[in-house]
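User: I would like a close look at one part of this model, set against the chain as a whole. Please keep the account plain.

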Amino acid sequence: MLPVVILHWNRPGRIVPTVERFLAQDVPGGVRVVVVDNGSDPATLDAVRAGLPAGVELVELPQNRGFGPGANAGFRHVLSHPRPEDGPWVGLAPHDAEPAPGCLARMVGAAAERPRAGLVSADFGDGATPVVDPYFGGILAPATVAEGWEPAGHPHGTLMLAHHDLLTEVGLFDERYFAYCEEADLALRAKEAGWETGLVRGAIVVNPDMGTGNRTVDYLQLRNTLLLVKEHSGRYHAAIRW
């Protein structure tokens with residue numbers, strides 16, 4: 001069984017279809033869904049409670065703690081409430097991720113062939129690969145493979161898998177980031193510990209709500225890029241980026 005954490009905030013019309021898509025994924029033992037509600041308003045939370053399929057676990061946070069902290073709450077729940085049938089991976093996605101049929105099976109299958117695979121991304125379908133630049137932080141580069149495992153600098157949060165052993169050894173997301181760049185930080189820490197990060201071409205996921213142009217998003221992306229570069233490349237590189 002594959003545990004998957006789905007992070008939700010104030011989108012009751014999105015979360016239920018997303019949960020159903022993940023439950024329909026064909027993986028050995030099925031999918032165990034844990035929804036983390038990140039401080040939705042009371043009416044929305046009531047709708048989520050009423051709409052979720054039976055058996056879905058719901059973790060309720062009192063306020064919006066951001067993507068990384070919310071994901072950590074889900075990771076901690078899975079790690080502290082293990083089931084005998086759980087596999088070595090835990091997935092993570094937002095409430096609007098739409099995995100294509102067979103997506104999770106492709107990801108798990110490709111990762112199983114690499115003993116040190118620790119972080120795995122689905123294919124966003126954009127022909128790009130996440131990499132980490134010492135000056136610019138997390139950026140995209142052209143894809144280098146057409147099918148299967150491709151080394152990547154970091155996973156993206158649209159849909160990723162993390163190995164239980166990696167989370168225990170390296171730790172969870174750095175909660176200072178709130179949202180954006182926390183995946184890159186985790187991947188860099190994992191790399192230092194000898195873990196691999198990759199993207200599985202052909203394991204398709206889409207995120208129709210993803211976009212920029214929001215001032216808060218732009219601020220967080222710039223602030224967190226500077227934090228990432230300073231932490232992993234030094235103050236000089238951060239100053240150049242600034």
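What percentage of the 242 residues in the protein chain is made up of buried residues? With that as background, please look closely at the loop between β1 (2-8) and α1 (12-23), where Asn 10 has its place.

Analyst: The model is a predicted one. Buried residues make up 50% of the 242 residues in the protein chain.

Some background on the chain comes before the loop. Its secondary structure consists of eight helices and eleven strands. The radius of gyration is 17 Å, which agrees with the value near 18 Å that a compact globule of 242 residues would have. Along the principal axes, the C-alpha trace spans about 50 × 40 × 30 Å. Of the contacts with a separation of 6 or more, 77% are between residues 24 or more positions apart. The accessible surface comes to about 10800 Å², and carbon and sulfur atoms account for 56% of that surface. As for charge, the chain carries 20 positive and 29 negative side chains, with the centres of the two sets 5 Å apart.

Now the loop itself. Asn 10 sits between strand β1 (2-8) and helix α1 (12-23). Its backbone has a positive phi of about 55°, although the residue is not a glycine. Most residues other than glycine have a negative phi. Asn 10 counts as partly exposed because its relative accessibility is 25%, and buried would require a value under 20%.

A residue from another element touches this part of the chain. Thr 44 belongs to helix α2, which covers residues 42-51. Leaving aside residues up to four places away in sequence, Thr 44 touches His 8, Asn 10, Arg 11 and Pro 12. Among these partners, Asn 10 is the loop residue with the positive phi described above. His 8 is at the end of the range given for β1 (2-8), and Pro 12 is at the start of the range given for α1 (12-23). Thr 44 has a relative accessible area of 10% and is therefore buried, whereas its contact partner Asn 10 is partly exposed at 25%.

A second residue can be set beside Asn 10. Tyr 180, also not a glycine, has a positive phi near 80°. The place of Tyr 180 is in the loop between α5 (164-170) and α6 (182-192). Tyr 180 has a relative accessibility of 31%, so this residue counts as partly exposed.

Terms used. Residues are numbered from 1 along each chain as its sequence is written. This is a predicted model: local features need pLDDT of at least 70, side-chain atom pairs count only at pLDDT 80 or more; totals for chains, interfaces and linings use all residues. Side-chain values use heavy atoms; hydrogens and water are left out. Helices (H or I, at least four residues) and strands (E, at least two) are DSSP runs, numbered from the N terminus. The radius of gyration is taken over C-alpha atoms; the globule rule is 2.2 Å times the number of residues to the power 0.38. Buried means under 20% relative accessible area, exposed over 50%, partly exposed in between (1.4 Å probe, protein chains only). Contact means heavy atoms within 4.5 Å. Accessible areas come from the Shrake-Rupley method with a 1.4 Å probe; for residues, only the protein chains shown count as cover. Lys and Arg count as positive and Asp and Glu as negative; His and the chain ends are not counted. The place of a charge is taken as NZ of Lys, CZ of Arg, CG of Asp or CD of Glu.
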